[in-house]
Amino acid sequence: MSDVTALADELYNAVLDRFPTSASVRGTAGYGDRLPDYGETAEADFATTVAGIAHRAEGLDPSELTSTELVTRAVVVQQARMLGERVEGRWTEFTVSDFILTPVPGVLLDLATLPLTTGEDFLARLRSLPAFFEALAQRHRDGVAAGLLPVAHLVEAAAKHLDDQLADLGTLRRSPDDADLGDRCDQVLSEVVVPALRAYREVLITELLPQGRDVDHAGVCWLPGGEARYTAAVRGHTTTGLSPDELHRIGLDLVAGLAEEYLALGSALFGTSKLTEIFARLRDDPTLRFRARDEMLAAARDAVHRAEAAAPDWFATLPSSACAVAEYPPTSSPRVPSAYLVGALDGSRQGTYFLNTRRPADVPRHKAQVTAFHEGVPGHHFEMTTSQERTDLPLLRRTAQVTAFREGWALYAERLADEMGLYSSPLDRLGMLAMDSNRAARLVVDTGLHAKGWSRRRAVEYLHANTPMAPALIQSEVDRYLSEPGQALAYMVGRREIRRLRDQAQDSLGERFDLRAFHAAVLSEGRVPLSVLDGIITTWIGSICRD
C-alpha cells in the first residue's frame with residue numbers, strides 16, 4: 001500500500017469514528033451501536049487528527065506519485081482541511097434547526113431509516129441518545145457564552161421537529177417481527193429516549209430561544225468572526241477560490257439570463273410573455289399541485305425508470321443496481337427536501353431516492369421529473385453508485401463529501417435529461433427552468449444573507465421576485481441557507497464547471513468528441529475537488545489529441 005493510500009484510509013477511518021451513523025449508511029460493520037460525539041473534546045481531537053493527516057499528505061513528493069495517487073493526495077488534503085475548518089468554526093454550537101444536515105435531524109432520520117444490524121446494536125444506539133443530546137446542549141451553552149448565537153426561529157423549528165418525533169415514536173421502534181426485542185425497545189424508548197428528547201427540547205426553548213438572533217441578523221456575518229467562518233464554508237463547499245462577492249455577481253447574471261427561456265416556454269404553455277404571470281401560474285395554480293402521496297411516488301418512479309432505459313445511449317458505464325424510490329418516515333419534518341440516500345458499500349441496501357410526501361398539495365407537479373433526474377437517474381444515483389463501485393480506489397475516494405462535485409453533477413444531470421428527451425411536456429421543462437432559477441438565486445441569496453447582511457425578509461423577497469417557488473418553499477429554502485451556510489452555493493458552481501469542461505473538450509476535439517466518453521472521464525476518479533476535475537479532463541483531452 002502506498003503512503004498516500006494509507007493516509008486516505010487513515011482519514012476515512014477517522015471520519016467513520018467521528019460519524020458512526022455515516023458508517024452504517026455506508027454498510028460498514030463495527031459502528032452499529034454508536035452515535036456521533038459532539039462534545040468539545042471529541043471535536044478537538046478530531047481536528048488534531050485531520051490536521052496531521054493533511055500535513056503529512058502535503059509533505060509527500062508529487063514526483064514520486066502516480067496520476068491516480070496525485071488525485072488521492074489532493075482529495076485527502078481538501079477533505080481534511082475542510083473537516084478541520086468545520087471544527088475550528090465551532091458550527092456545532094450555533095447551527096440548530098430542523099434541516100437534515102444539522103446533527104439532531106440527521107441522526108434521528110438515520111435511526112428511523114437505517115437497516116438493523118443487530119437488535120442489541122440498535123438498543124445501544126437508543127441508550128446513547130441522552131449523552132448525545134447532553135453533549136450538544138453543552139456545546140450550545142458554550143456558543144451562547146461566546147456570542148455564537150443560533151437563529152431564534154430555527155430553534156423553534158428544531159423544537160417542533162422534536163415534538164413530531166415525540167408524538168410518533170413508532171419510527172424508532174424498528175422491531176415489529178421480534179416480540180421480545182420490541183418489548184425491550186419500547187422500554188428503552190419510554191425510559192431513556194423520551195426523557196432525553198424532552199430534556200433537549202427544554203434546553204432549546206428555555207436557554208437558546210431567548211438568546212437567539214432575530215430574522216434581521218440571521219446570517220453568520222453577524223456573529224463574531226463571521227466573515228472568516230463564511231469564507232471557510234464557501235471554500236469547503238465549492239472547492240474553489242471564488243469570493244462571496246464574485247459568487248453574488250455570477251448569481252445575478254445567471255438569474256437574468258434565464259428570463260428568455262421562461263418567456264419562450266411560458267408563452268406557448270400559458271399564453272403570456274410576462275415573467276411575473278408565468279411565475280404566478282407555476283406558483284399559485286392549484287391544478288399544478290399533487291393531490292396525494294401515491295401520485296408523487298408514481299411520478300418519481302416513472303421518471304427514474306424512463307431515465308434508466310435511456311441511459312445506455314448517454315453513458316458508457318452504468319451502475320450495477322437500479323435506483324429505488326421511497327418516502328421518508330412520517331416523523332420527518334415536512335420542510336425536509338426530497339433527497340437521495342446512497343446504497344450500502346456491501347450491497348445490503350439499494351440506493352434510494354426519498355420523497356417528502358407529508359404535504360402533497362404543497363408540491364408542484366412541474367418539479368417532479370427534474371427532481372427525480374437530479375436525485376435519482378442520471379444524477380446522484382449514477383454518480384454515487386459509480387464512485388462506490390470503483391473498488392480499486394481507496395474508500396475515501398469512493399465516498400468523499402465533495403459537495404461541488406456531487407451536487408454539480410446532479411444539477412448538470414437536470415439539463416442533460418433535457419438533451420436526452422426525458423421531459424414529458426413543456427410544463428416539465430418549465431420545472432427544469434424553475435430549478436435552474438432556484439440554484440442561480442442561491443448564489444445571490446446565500447451570499448446576501450451571510451456576507452452582505454441581508455435580512456431574512458430581503459432574501460424571501462428576492463426569491464419571490466426572481467423564481468417561481470411557492471411562498472412556503474421560499475420560506476424553507478431561506479431557512480435551509482441559514483441552517484447550512486455555503487452549502488447551497490455548490491450546486492451551480494459545480495454545474496458551471498462541468499459544463500465549461502464539456503465545452504472545452506468539444507472545442508478541442510471537434511468530431512472526435514464523444515459525450516459518453518466525456519461522462520466516463522468526469523466520473524472516472526470518483527468525487528474530486530473542481531480544480532482536480534479540471535486536470536482530469538485536460539489530461540483526457542490531451543490523451544485523445546495524441547492518439
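R397 is buried, with a relative accessible area of 0%. This is a predicted model. R397 forms a salt bridge with E525, and a search of the whole structure finds 38 salt bridges. The briefing below covers salt bridges, a buried helix, a small set of strands, two helix pairs and one buried aspartate.

**The R397–E525 salt bridge**

- The closest N and O atoms of R397 and E525 are 2.4 Å apart.
- R397 lies in helix α18, while E525 sits in the loop between α24 (515-522) and α25 (530-546).
- The two residues are 128 residues apart in sequence, so their salt bridge ties together distant stretches of the numbering.
- E525 is buried too, because its relative accessible area of 14% is under the 20% cut-off.

**The R139–E43 salt bridge and its network**

- R139 and E43 form a salt bridge, with 2.9 Å between the closest N and O atoms.
- This pair links distant parts of the chain: R139 belongs to helix α8 (residues 129-145) and E43 to helix α3 (residues 40-58).
- The two residues are 96 residues apart.
- R139 is buried at a relative accessible area of 4%.
- E43 is buried as well, at 5%.
- Both residues take part in a network of salt bridges that links R18, E43, R90, E93 and R139.

**The R495–D436 salt bridge**

- The side chains of R495 and D436 meet in a salt bridge, at 3.4 Å from N to O.
- R495 is in helix α23 (residues 490-509), and D436 is in helix α20 (residues 426-450).
- This pair also links distant parts of the chain, 59 residues apart.
- R495 and D436 are both buried.

**A covered helix: α17**

- How many residues of helix α17 (residues 380-388) are buried? Nine of its nine residues are.
- Among them are the aromatic residue F382, the acidic residue E383 and the two histidines H380 and H381.
- The buried set also includes M384, T385, T386, S387 and Q388.
- What covers the buried residues of α17? The cover includes the strand β2 (339-341).
- It also includes α16 (368-375), α18 (395-399) and α19 (403-419).
- One of these, α18, also holds R397 of the salt bridge with E525.

**The three-stranded sheet**

- Three strands form an open sheet, in the order β1-β3-β2.
- The pairing in this sheet is mixed.
- Which strands are at the edges? They are β1 (324-327) and β2, and each pairs on one side only.
- Neighbouring strands are turned by 30 degrees against each other on average, direction ignored.
- β2 and strand β3 (residues 352-355) pair in the antiparallel sense, over three bridges.
- T352 in β3 is the bridge partner of L341.
- In general, strands of a sheet pair through backbone hydrogen bonds, either parallel or antiparallel.

**Helix pair α19 and α24**

- α19 and α24 pack at an angle of about 165 degrees, with their axes 13 Å apart.
- That angle makes α19 roughly antiparallel to α24, because angles over 145 degrees count as such.
- The crossing of these two helices is left-handed.
- On the α19 side, the contact is made by F405, W409, Y412, L416 and E419.
- On the α24 side, L515, F518, H519 and V522 make the contact.

**Helix pair α1 and α4**

- The axes of helix α1 (residues 3-18) and helix α4 (residues 67-88) come within 9 Å.
- They cross at roughly 30 degrees.
- α1 and α4 are therefore roughly parallel to each other, because the limit for that label is under 35 degrees.
- α1 passes α4 in a left-handed crossing.
- From α1, the contact is made by V4, L7, A8, L11 and V15.
- From α4, E69, T72, R73, V76, Q79, A80 and L83 make the contact.

**A buried aspartate: D164**

- D164 is in helix α9 (residues 152-167).
- Is D164 buried or exposed? D164 counts as buried, because its relative accessibility is 17% and the cut-off is under 20%.
- Leaving aside neighbours within four places in sequence, D164 is in contact with T331, P334 and R358.

Terms used:
Residues are numbered from 1 along each chain as its sequence is written. This is a predicted model: local features need pLDDT of at least 70, side-chain atom pairs count only at pLDDT 80 or more; totals for chains, interfaces and linings use all residues. Side-chain values use heavy atoms; hydrogens and water are left out. Buried means under 20% relative accessible area, exposed over 50%, partly exposed in between (1.4 Å probe, protein chains only). Helices (H or I, at least four residues) and strands (E, at least two) are DSSP runs, numbered from the N terminus. Contact means heavy atoms within 4.5 Å. Two strands pair if DSSP finds at least two bridges between them. Axes are lines fitted to C-alpha atoms, for helices over the stretch in contact, and angles run from 0 to 180 degrees between N-to-C directions. A salt bridge is a side-chain nitrogen of Lys or Arg within 4 Å of a carboxyl oxygen of Asp or Glu. Angles under 35 degrees count as roughly parallel, over 145 as roughly antiparallel, 65 to 115 as roughly perpendicular and the rest as oblique. A crossing is left-handed if the near helix is turned anticlockwise from the far one by less than a right angle, and right-handed if clockwise.
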